[in-house]
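Here are some exercises to work through with the model open on your screen. Try each task yourself before you read the solution.

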Amino acid sequence: MPQQLMNVGKIVNTHGLKGEIKVLPHTDFPEIRFAKGSELLIVPEDGKAPLPITVQSSRFHKNMYIVKLEGYDNINDVEKFKGSMLKVTQEDLVELPEDEFYFHQIVGCHVVTDEGQDLGVITEILTPGANDVWVVKSPAGKSILIPYIDDIVLDVNVTDKKVLVHLMEGLL
């Protein structure tokens with residue numbers, strides 16, 4: 001089975017002339033992912049083979065990470081990476097505490113209410129601020145927004161891909 005890769009960021013642009021790249025983080029652990037010595041894979045947009053790279057340095061700047069890669073010292077060396085994704089292998093995932101989940105574990109889960117109503121499948125996760133919002137596609141094709149808060153999300157079973165929710169008034 002091919003190794004599963006997880007997104008940790010998207011290379012959105014170059015930064016300066018010394019080979020730095022601007023990365024939009026797609027991870028809850030950017031300080032770990034973009035730390036000096038961290039090993040990542042650049043997965044090019046064009047479908048070419050993933051390229052292993054090592055982070056030389058990084059800093060947070062305007063909601064992005066400015067990342068310097070070992071061995072890439074010129075804007076011309078990194079220009080080709082624009083639009084590529086930065087990924088890690090599944091073995092490199094950070095162990096999460098109980099009751100915390102990775103996006104890839106939640107997307108695809110079936111959502112059922114505590115009254116037995118099937119709401120649909122989680123298709124994406126929005127992170128607008130205080131708490132995440134799970135987008136559920138109903139069997140009718142309608143999108144339902146479920147805030148990820150204790151009063152609503154009662155149980156998450158990633159093994160069975162099932163989420164139990166309590167519908168509060170006005171949610172649907």
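A residue counts as buried when its relative accessible area is under 20%, as exposed when it is over 50%, and as partly exposed in between. Keep in mind that the model is predicted.

**Exercise 1. Getting oriented**

Task: find how many helices and strands the protein has, and what percentage of its residues is buried.

Solution. Begin with the secondary structure: the protein has three helices and 12 strands. Next, take the extent along the principal axes, where the C-alpha atoms fill a box of roughly 60 × 40 × 30 Å. Finally, apply the cut-off for burial: of the 172 residues in the protein, 37% are buried.

**Exercise 2. A strand and its surroundings**

Task: decide whether strand β3 (residues 39-43) is largely enclosed or left open, and list its pairings with β4 and β6.

Solution. Step one is to count buried residues. Four of the five in β3 are buried, so the strand is largely enclosed by the rest of the structure.

Step two is to look at its pairing. β3 runs antiparallel to β4, and four bridges join them. Within this pair, L40 stands opposite I53 of β4. β3 also pairs with strand β6 (residues 85-89), again in the antiparallel sense, over three bridges. Here I42 has L86 of β6 as its bridge partner.

Step three is to zoom in on I42, a residue of β3. Its relative accessibility is 0%, so I42 counts as buried. I42 and I11 are 31 residues apart in sequence, and their C-alpha atoms are 8.8 Å apart in space.

**Exercise 3. Reading a sheet from edge to edge**

Task: in the open sheet that runs from β10 to β11, work out the strand order and say why one side of each edge strand has no neighbour.

Solution. Trace the strands across the sheet. There are six, in the order β10-β9-β8-β7-β12-β11, and the pairing is mixed. Now look at the two ends: β10 (143-147) and β11 (153-157) each have a single partner strand, so one side of each is left without a neighbour in the sheet. From one strand to the next, the twist averages 35 degrees.

As a reminder, strands of a sheet pair through backbone hydrogen bonds, either parallel or antiparallel. For a close look at one pair, go to strand β9 (residues 133-137) and β10: they run antiparallel and are joined by five bridges. One contact to locate is W134, whose bridge partner in β10 is I146.

**Exercise 4. Salt bridges**

Task: locate the salt bridges in the whole structure and check how accessible E20, R59, K68, E79 and K82 are.

Solution. A search of the whole structure finds three salt bridges. Take them one at a time.

- E20 and R59 meet through their side chains, at 2.8 Å from N to O. This pair links distant parts of the chain, with E20 in strand β2 (residues 20-25) and R59 in strand β4 (residues 51-61), 39 residues apart. E20 has 15% relative accessibility and therefore counts as buried, while R59, at 40%, counts as partly exposed.
- K68 and D73 form a salt bridge of 2.7 Å, N to O. K68 is buried, at 9% relative accessibility.
- E79 pairs with K82, and their closest N and O atoms are 3.0 Å apart. E79 has a relative accessible area of 34%, so it is partly exposed; K82 is also partly exposed, at 34%.

**Exercise 5. Two pockets**

Task: describe the volume and lining of the largest pocket and of the second largest pocket.

Solution. Start with the largest pocket, which holds about 380 Å³ of space. Its lining has 14 residues, and N7, H26, T27, D28 and F103 lie nearest its centre. β1 (5-15) and α3 (103-106) each supply at least two of the lining residues, and the largest share, three residues, comes from β1. Sorted by class, the lining has seven nonpolar, five polar and two charged residues.

Then turn to the second largest pocket, with a volume of about 180 Å³. Among its lining residues are I42, P44, E45, F81 and K82. By class, this lining divides into five nonpolar, one polar and five charged residues. Two residues here link back to earlier exercises: I42 belongs to strand β3, and K82 forms the salt bridge with E79.

Note on methods: Residues are numbered from 1 along each chain as its sequence is written. This is a predicted model: local features need pLDDT of at least 70, side-chain atom pairs count only at pLDDT 80 or more; totals for chains, interfaces and linings use all residues. Side-chain values use heavy atoms; hydrogens and water are left out. Two strands pair if DSSP finds at least two bridges between them. Axes are lines fitted to C-alpha atoms, for helices over the stretch in contact, and angles run from 0 to 180 degrees between N-to-C directions. A salt bridge is a side-chain nitrogen of Lys or Arg within 4 Å of a carboxyl oxygen of Asp or Glu. Buried means under 20% relative accessible area, exposed over 50%, partly exposed in between (1.4 Å probe, protein chains only). On a 1 Å grid over the protein atoms alone, a cavity is a set of points where a 1.4 Å probe fits but cannot get out, and a pocket is an open set with protein on both sides within 12 Å along at least five of seven lines; lining residues have an atom within 4 Å of a point. Grid points are joined across faces, edges and corners, and a volume is the space filled by probe spheres set on the points. Ala, Val, Leu, Ile, Met, Phe, Trp, Tyr, Cys and Pro count as nonpolar, Asp, Glu, Lys and Arg as charged, and the others, Gly among them, as polar.
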